[in-house]
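Colleague: I have a fresh model to go through, and I'd love your company. Shall we look at it together?

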Amino acid sequence: MKKIALCLLACWAVWQVNAAEEGDWLTDLSKAQAKAKTEKKMVLMDFNGSDWCPPCKALRKNVLTSKEFMDFAKDNLVLVDVDFPHHKQQTEEVKKANEELSQKFSIEGFPTIIVLGSDGKELKKVVGYNGQSAKEFVAELQKLKSQT
């Protein structure tokens, strides 16, 4: 019984670490916008190729899963993952929604970060990742927040 309890505790700890790393990323923009409006937060959309795009992986590793970014996001952002994987499985519904978002926001490369105000107005669009630190990335988001 003790071994089972320890195993369950270990599994829970791993799940918690993964959840903390991934944050609360949504995949439905309309739900994200409703939440942003209610909570008076900005929406950050990450258009990416999570399993094949090196700059997307670097952005996720260096910025989007960093403690500094996640601490800022918790109080200021609703996060939306718009993923175009080559190997990861997605439902047809998610694939279709992501393609529609890609067309709506004229996505021409990965990664593309789009920040929307709580009113849905586009505040910023950045294509690519130039190695920016989490601290620099958050500073830009703080400037955007102060302008809204």
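Modeller: Gladly! Let's settle one term to begin with: a residue is buried at under 20% relative accessible area, exposed at over 50% and partly exposed in between, using a 1.4 Å probe and protein chains only. The model is predicted, so local features need pLDDT of at least 70 and side-chain atom pairs count only at pLDDT 80 or more, while totals for chains, interfaces and linings use all residues. Residues are numbered from 1 along each chain as its sequence is written, and side-chain values use heavy atoms, leaving out hydrogens and water.

Colleague: What is the mean pLDDT of the chain?

Modeller: pLDDT is the predictor's confidence in each residue, from 0 to 100. Residues 5-21 are below 50, and beyond near neighbours in sequence this stretch has two contacts (heavy atoms within 4.5 Å) in the model. Across the chain, 84% of the residues reach 70 or more, and the mean is 89.

Colleague: How many helices and strands does the chain have?

Modeller: Helices (H or I, at least four residues) and strands (E, at least two) are DSSP runs, numbered from the N terminus. Along the sequence they follow the pattern α-β-α-β-α-α-β-α-β-β-α. The total is six helices and five strands.

Colleague: In what order do the strands line up in the sheet?

Modeller: Strands pair if DSSP finds at least two bridges between them. The sheet is open and its pairing is mixed. Its edge strands, S1 (25-26) and S5 (122-127), each pair on one side only. Across the sheet, the order is S1-S3-S2-S4-S5.

Colleague: How many bridges join S2 to S3?

Modeller: S2 covers residues 42-48, and with S4 (residues 112-116) this strand pairs in the antiparallel sense over five bridges. On that side, methionine 45 stands opposite isoleucine 114 and phenylalanine 47 opposite threonine 112. S3 runs parallel to S2, with valine 78 as the bridge partner of valine 43. The bridges joining S2 to S3 number seven.

Colleague: Which residues of S2 point the other way from Met42, Leu44, Asp46 and Asn48?

Modeller: In a regular strand the side chains alternate between the two faces of the sheet. Seven of the seven residues of S2 are buried, so the strand is largely enclosed by the rest of the structure. Opposite to the Met42 group point Val43, Met45 and Phe47.

Colleague: Is asparagine 48 buried or exposed?

Modeller: Asparagine 48 lies in strand S2. Not counting residues up to four places away in sequence, asparagine 48 touches Cys56, Arg60, Asp81, Val82, Asp83, Phe84 and Phe110. Its relative accessibility is 3%, so asparagine 48 counts as buried.

Colleague: What angle does H3 make with S2?

Modeller: For this, axes are lines fitted to C-alpha atoms, for helices over the stretch in contact, and angles run from 0 to 180 degrees between N-to-C directions. H3 (residues 54-64) packs on the sheet, touching S1, S2, S3 (77-83) and S4. Its direction and that of S2 make an angle of about 145 degrees.

Colleague: Which residues are exposed on the other side of H3?

Modeller: The buried residues of H3 are Cys56, Leu59, Arg60, Val63 and Leu64. They cover an arc (taken over directions from the helix axis to the C-beta atoms) of only 110 degrees, which puts them on the same side of H3. Lysine 61 is exposed, with a relative accessible area of 65%. The exposed residues on the other side are Pro54 and Lys61.

Colleague: How far apart in space are lysine 61 and alanine 134?

Modeller: Lysine 61 is found in helix H3, and Ala134 is one of the buried residues of H6. In sequence, lysine 61 and alanine 134 are 73 residues apart. In space, C-alpha to C-alpha, their separation is 9.8 Å.

Colleague: Which residues of H6 are exposed?

Modeller: H6 (residues 134-147) packs on the sheet, touching S2, S3, S4 and S5. Ala134, Phe137, Val138, Leu141 and Leu144 are its buried residues. They cover only 115 degrees around the axis, which puts them on the same side of H6. On the other side, the exposed residues are Lys135, Lys143, Ser146 and Gln147.
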